[in-house]
Amino acid sequence: MPTDDITQKVSDRYARAASTGEQMCCPTGYDFDDLKSFVPEEVLTISYGCGTPAGLHTVQPGETVLDIGSGGGIDCFEAARCVGPGGHVIGIDMTDTMLEIARRNAPIVAANLGYPHSNTEFRKGIADAMPVEDGSVDLIISNCVINLAPDKRKVFREMFRVLKPGGRFTISDIVSDQVVPQYLVHDAAKWGDCLSGALQVQDYIGGMVDAGFRAVHQIKSGTWQSIDGIHFLSVTLTGYKFPAVAEEKTSSYATLRGPFSSVTDELGQRYERGVPLSINAQSAQLLQSEPLRSLFLLGPRPVSLAAADPRWCAILPEQLPCVWQSAYAILTGPIICAEDDDHHQYYRGVPLEICSKTFQVLTQEAYRPHFTIYQRAAAGVDGTEVACSPTGGCC
Ligand SMILES: C[S@@+](CC[C@H](N)C(=O)[O-])C[C@H]1O[C@@H](n2cnc3c(N)ncnc32)[C@H](O)[C@@H]1O
């Protein structure tokens, strides 16, 4: 389908939804009782997101927040509450019916929040050419929109352009575990359902990194639906536009604490657990960002860690037979590849089938934030016990 056709069909679909109030898309996780205290019903009825990018404590008072594909305005209004009367929220959408509803409700929300005037404006625009000045935004949010844009890489470049150096994004969207085949890509109805345009996790995160974002990682994920064996996941991702750094005269060092036995960061630097490495200012900036910071010891002197050190973190599998139950793990953390203590190699965005023992390992607190885990089989699989290796190690 030509790009213009996709955009027109998506816009028509959302214009129709906004005027009928039909239910679409996915569970979001909003606290609707709380939102009802200041957001009119008309807006809440046409909430078509797949997450809560403004509701995850990501928005700070006084910030300028941009919502790409703001729809009826639900996330803009949540952000309007978080930034306070001194902050500013800009919603962009291409569909007139959505803009009319959002604009009509902005003064009502401001009055409900006790603000002297609305801190939220809605602009007509398209995600890959946004009517927003360069370097003017602290935080970009978006809820189930970028999958609808025909050229996601252009959207990611636009996001990088409009963010201030030091800015960040928190975006909820639908992604897939495999490349969406052409017969679904050319299904016009499934574009509107946030399925046809879904990118594979590795392409989505990779596109963001190529646009200049760093430390791109998941903060929330869930399964959405599966069609013909392709699994669609709802993810919320964060990443940063770092300011330029000057090379420091003093040295600094990084030691990987774990739980991974080794990781490679987005700058291509590989770290082995316990072994200190001298790092430059750019690496230091990257490793100081959350959640990388929690994986490392950073400081002016090299620190070697031994397994007995309380700062060393390792999660070993239980010495039991494996059971294969159709679980897959996708590394979604801020690292591009990593290894665990059973020598499994994980590549960001690439699903790896895992057995019951590895499932146990990856669902523990230290690993859990870095993975999306889902089942590929349509029905539950009991599985049979398998001894994977003579030493009892994992597969
Ligand atoms: C799934 S709805 C989500 C709306 C809103 N974010 C929410 O959570 O309720 C998608 C919205 O994005 C808008 N949209 C889709 N593609 C767009 C694009 N390329 N540029 C601007 N807006 C777009 C649609 O008009 C629609 O309002």
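## Exercises on a predicted chain

Let's start with one residue pair: in this predicted model, leucine 331 sits opposite phenylalanine 371 of strand 19.

**Exercise 1.** Work out how strand 15 and strand 19 pair, and over how many bridges.

*Solution.* Begin with the location: strand 15 covers residues 327-331. Next, look at its pairing with strand 19, which runs in the antiparallel sense. Then count the bridges, and you get five. For background, strands of a sheet pair through backbone hydrogen bonds, in either a parallel or an antiparallel way.

**Exercise 2.** Find the strand order of the open sheet of three strands, and say which are the edge strands.

*Solution.* First, the order: it reads 18-15-19, and the pairing is antiparallel. Now look for strands that pair on one side only; these are strand 18 (351-354) and strand 19 (371-375), so to speak the edges. Finally, check the twist: neighbouring strands here are turned against each other by 30 degrees on average, ignoring direction.

**Exercise 3.** Decide whether the radius of gyration of the chain agrees with that of a compact globule.

*Solution.* Take the 395 residues: a compact globule with that many would come out near 21 Å. The chain has 22 Å, so the two agree. For the outline, the C-alpha atoms fill a box of roughly 65 × 55 × 40 Å along the principal axes.

**Exercise 4.** Put numbers on the secondary structure, the burial and the contacts of the chain.

*Solution.* Count the elements: 11 helices and 20 strands. Turn to burial: 45% of the 395 residues are buried. Last, take the contacts with a separation of 6 or more: 72% of them join residues 24 or more positions apart.

Methods:
Residues are numbered from 1 along each chain as its sequence is written. This is a predicted model: local features need pLDDT of at least 70, side-chain atom pairs count only at pLDDT 80 or more; totals for chains, interfaces and linings use all residues. Helices (H or I, at least four residues) and strands (E, at least two) are DSSP runs, numbered from the N terminus. The radius of gyration is taken over C-alpha atoms; the globule rule is 2.2 Å times the number of residues to the power 0.38. A residue is buried if 20 or more other C-beta atoms lie within 10 Å of its own, exposed if 12 or fewer, and partly exposed in between; C-beta atoms are placed from the backbone. Two residues are in contact if their C-beta atoms, placed from the backbone, lie within 7 Å. Two strands pair if DSSP finds at least two bridges between them. Axes are lines fitted to C-alpha atoms, for helices over the stretch in contact, and angles run from 0 to 180 degrees between N-to-C directions.
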